[in-house]
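Here is a quick tour for anyone meeting this structure for the first time. Have a look at the picture, then read on.

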Amino acid sequence: MRRIFITLAFSLAAAAPARAADDLAKGNYVKACIDAAAHAHSIPPEVLLILLNVENGRLGAVSQNTNDTVDIGPMQVNQIWVPKLAEHWRASREATYRALRDEFCANVEGGAWILRQALDEADGDLWEGIGLYHSHNERHKATYRRLVLAQGRRLQREAADEIASADKGAVTVGAR
């Protein structure tokens, strides 16, 4: 799992704040942001990691949608959430938008807060909450849940391969 955090860290490194470059290269910055947001909103950090991989957004990026809205940053936070997040953060809409676009931890915290709202709406049902994070449309929710499941399985395989590789390289003490 550590390698997965580091891979994500390097994918974000180009646009990360200079003050975090050293930690980011080690994966500590990304992991700390994910862990803090997960803890603050009672969400498993692995779920946030999977959503980050599914969303595949980038720091500083704003992606146009077909419905004339935009998705912002790594968690692809839709612009419709900016007013609610601004209120939650007690910040202006402009500052909230910039933070979502340009600050990794703010974007992940915003995404985690949105997921928490979805989980609460789904009465704690994780899969329904994950679907609602993406859409209230049944077809879109189902498609998104399939993507999340596939990504979770992919990350699980990568972690298992990483463990197997580490085991192959381990030296057995006392072996002849």
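## Helix 4 and helix 8

In this predicted model, the axes of helix 4 and helix 8 come within 13 Å and cross at roughly 35 degrees. The crossing of helix 4 past helix 8 is right-handed.

Who does the touching here? On the helix 4 side you'll find Val47, Leu51 and Glu55, and they meet Leu126, Ile130, Tyr133 and His134 of helix 8. Sorted by class, this contact of helix 4 with helix 8 comes to five nonpolar residues, one polar and one charged.

## Helix 4 and helix 9

Helix 4, which covers residues 45-55, also meets helix 9, with axes that come within 9 Å and cross at roughly 110 degrees. An angle from 65 to 115 degrees counts as roughly perpendicular, and so that is how helix 4 and helix 9 stand to each other. Helix 4 goes past helix 9 in a right-handed crossing.

From helix 4, the contact takes in Ile50, Leu51, Asn53, Val54 and Glu55. Helix 9 brings Tyr144, Leu147, Val148, Gln151, Gly152, Arg154 and Leu155. As for the mix, the contact of helix 4 with helix 9 has seven nonpolar, three polar and two charged residues. Leu51 and Glu55 of helix 4 may ring a bell: they are also among the residues that touch helix 8.

## Helix 8 and helix 9

Next up is the pairing of helix 8 (residues 126-134) with helix 9 (residues 138-169). At what angle do the axes of helix 8 and helix 9 cross? They cross at roughly 115 degrees and come within 8 Å. That makes helix 8 roughly perpendicular to helix 9, and helix 8 passes helix 9 in a right-handed crossing.

Helix 8 puts Trp127, Glu128, Ile130, Gly131, Leu132, Tyr133 and His134 into this contact. On the helix 9 side sit His140, Lys141, Tyr144, Arg145, Val148 and Leu149. The class count for helix 8 with helix 9 is seven nonpolar, three polar and three charged residues. Tyr144 and Val148 of helix 9 turn up in the contact with helix 4 as well.

## A salt bridge across helices

How many salt bridges does the structure hold? There are seven salt bridges, and one of them links the side chains of Lys141 and Glu128, at 2.6 Å from N to O. Since Lys141 belongs to helix 9 and Glu128 to helix 8, this pair ties together parts that are 13 residues apart in sequence.

## The sheet

Away from the helices, let's turn to the strands. Three strands make an open sheet, in the order 1-2-3, with antiparallel pairing. Why do strand 1 (62-64) and strand 3 (77-78) each have one side without a neighbour in the sheet? Both stand at the edges and each has a single partner strand, so one side is left free of a neighbour.

Strand 1 and strand 2 (residues 70-72) run antiparallel and are joined by three bridges. If you want to spot a particular match, Gln64 has Val70 of strand 2 as its bridge partner. In general, strands of a sheet pair through backbone hydrogen bonds, either parallel or antiparallel.

How values were computed:
Residues are numbered from 1 along each chain as its sequence is written. This is a predicted model: local features need pLDDT of at least 70, side-chain atom pairs count only at pLDDT 80 or more; totals for chains, interfaces and linings use all residues. Side-chain values use heavy atoms; hydrogens and water are left out. Two strands pair if DSSP finds at least two bridges between them. Helices (H or I, at least four residues) and strands (E, at least two) are DSSP runs, numbered from the N terminus. Axes are lines fitted to C-alpha atoms, for helices over the stretch in contact, and angles run from 0 to 180 degrees between N-to-C directions. Angles under 35 degrees count as roughly parallel, over 145 as roughly antiparallel, 65 to 115 as roughly perpendicular and the rest as oblique. A crossing is left-handed if the near helix is turned anticlockwise from the far one by less than a right angle, and right-handed if clockwise. Contact means heavy atoms within 4.5 Å. Ala, Val, Leu, Ile, Met, Phe, Trp, Tyr, Cys and Pro count as nonpolar, Asp, Glu, Lys and Arg as charged, and the others, Gly among them, as polar. A salt bridge is a side-chain nitrogen of Lys or Arg within 4 Å of a carboxyl oxygen of Asp or Glu.
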